[in-house]
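Work through the exercises below with the sequence and the model open. Each task is followed by a solution in steps.

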Amino acid sequence: MNLTNCPFCNHHLLYNLQDNYKKCKSCKRKFSLKKLETDITIINYFCNNINANKTAQILELNYRTIQNRYMLFRRLIANFLDEEYNNSIKDNSSYQEYYYFTTREQNKKNRSLFDAINIIGFYSSKKIYTLLMPKLPKHSIESSTKDYEYYLKWHKLYSINSYKTPLSIFWKYLEENLKKYKGVDEKNFFYYLKECEFKFNYLQNKQINILKDLYFKD
């Protein structure tokens, strides 16, 4: 994005206002150049995998301000990916079920498959797409539950050649990237999953450009 253009409509004719503000002749919106530069810097840090705490320290801003901005980015990304998938040609050439354990569950001595987050990944049109599934239902009889859990470990949903596609790489990428957060609240897991999906599918420069468009359009 060119800082000499309007960040909202990209029009090139801007009026100079007081206190380093500008106004777009086309969309009539006002904006601060200082805030605009800060917003773009935060987007760059997010796409460079610099966490909210470190970003707040570097920019000397409140941590909660940065964390809220990061969560907004994740919501924008989730909507973008959903729309992208709906508009894509779905060959679904490869799919695979995956069980993700949060840090708390991983630390349990006897973790259960029924406490895992159930994900299905698709490899379609040369991109990874993910879908959260309901948690596995437990059997009312404990012995039957253990047998069922053992069965599920060996009968996950997958296409024949899924292990040959980027899906197998994505699961490792997901695990490694979520470690840096030192625990993701399960209610927000969907957004962190979509962040990983976005960053896996797009090169960094493309990530930045997409996120700028999403943020300023919003």
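**Exercise 1. Place Asn49 and Glu60 and state the sign of phi for each.**

Step 1. Asn49 belongs to the loop between α1 (33-47) and α2 (52-59); helices (H or I, at least four residues) and strands (E, at least two) are DSSP runs, numbered from the N terminus. The model is predicted: local features need pLDDT of at least 70, side-chain atom pairs count only at pLDDT 80 or more, and totals for chains, interfaces and linings use all residues. Residues are numbered from 1 along each chain as its sequence is written, and side-chain values use heavy atoms, with hydrogens and water left out.

Step 2. Asn49 has a positive phi, near 60°, and is a residue other than glycine. Most residues other than glycine have a negative phi.

Step 3. With a relative accessible area of 35%, Asn49 is partly exposed. Buried means under 20% relative accessible area, exposed over 50%, and partly exposed in between (1.4 Å probe, protein chains only).

Step 4. Glu60 is in the loop between α2 and α3. Its phi is also positive, near 55°, and at 71% relative accessibility Glu60 counts as exposed.

**Exercise 2. Trace the pairing of β1, β2 and β3.**

Step 1. Strand β1 (residues 14-16) runs antiparallel to β2, joined by 3 bridges; two strands pair if DSSP finds at least two bridges between them. Leu14 is opposite Cys24 in β2.

Step 2. The hairpin of β1 and β2 has 4 residues between the strands, and Asp19 in the turn has a positive phi of about 60°.

Step 3. β2 is also joined by 3 bridges to strand β3 (residues 30-32), again antiparallel. Ser32 in β3 is the bridge partner of Tyr21. In this second hairpin there are 5 residues between the strands, and Lys28 has a positive phi near 70°.

Step 4. Now sort the side chains of strand β2 (residues 21-24) by face: Lys22 and Cys24 point to one face and are buried, while Tyr21 and Lys23 point to the other and are not.

**Exercise 3. Classify the ring pairs Tyr85–Tyr129 and Tyr98–Trp171.**

Step 1. A pair of aromatic rings is described by the distance of the centres and the angle of the planes. Rings of Phe, Tyr and Trp (its six-membered ring) pair if their centres lie within 6.5 Å; planes under 30 degrees apart count as stacked, over 60 as edge-to-face and the rest as tilted. The count by this rule is 17 aromatic pairs.

Step 2. For Tyr85 and Tyr129 the centres are 4.8 Å apart and the planes 55° apart, a tilted pair. Tyr85 is in helix α3 (residues 63-86) and Tyr129 in strand β6 (residues 127-133), so this pair ties together parts 44 residues apart in sequence. Tyr129 is buried at 5% relative accessibility.

Step 3. The ring centres of Tyr98 and Trp171 are 4.4 Å apart with planes at 0°, so that pair is stacked. Tyr98 in strand β4 (residues 94-100) and Trp171 in helix α6 (residues 166-179) are 73 residues apart. Tyr98 is buried at 16%, and Trp171 is buried at 4%.

Step 4. Return to Tyr129: Phe122 stands opposite Tyr129 in β6. Strand β5 (residues 117-124) and β6 pair in the antiparallel sense over 7 bridges.

**Exercise 4. Which residues are in contact with Arg74 and with Ile77, leaving aside neighbours within four places in sequence?**

Step 1. Both start from helix α3: Arg74 is found there, and so is Ile77. Arg74 is buried at 1% relative accessible area, and Ile77 is buried at 0%.

Step 2. Arg74 is in contact (heavy atoms within 4.5 Å) with Phe46, Gln67, Tyr181, Tyr191, Tyr192 and Glu195. Ile77 is in contact with Phe46, Lys194, Phe198, Leu211 and Leu214.

Step 3. The side chains of Arg74 and Glu195 make a polar contact of 2.6 Å. A polar contact is a pair of N or O atoms within 3.5 Å; within protein, one must be able to donate a hydrogen and the other to accept it, and residues adjacent in sequence count only if both atoms are side-chain atoms.

Step 4. Ile77 and Glu195 are 118 residues apart in sequence and 6.7 Å apart in space, C-alpha to C-alpha.
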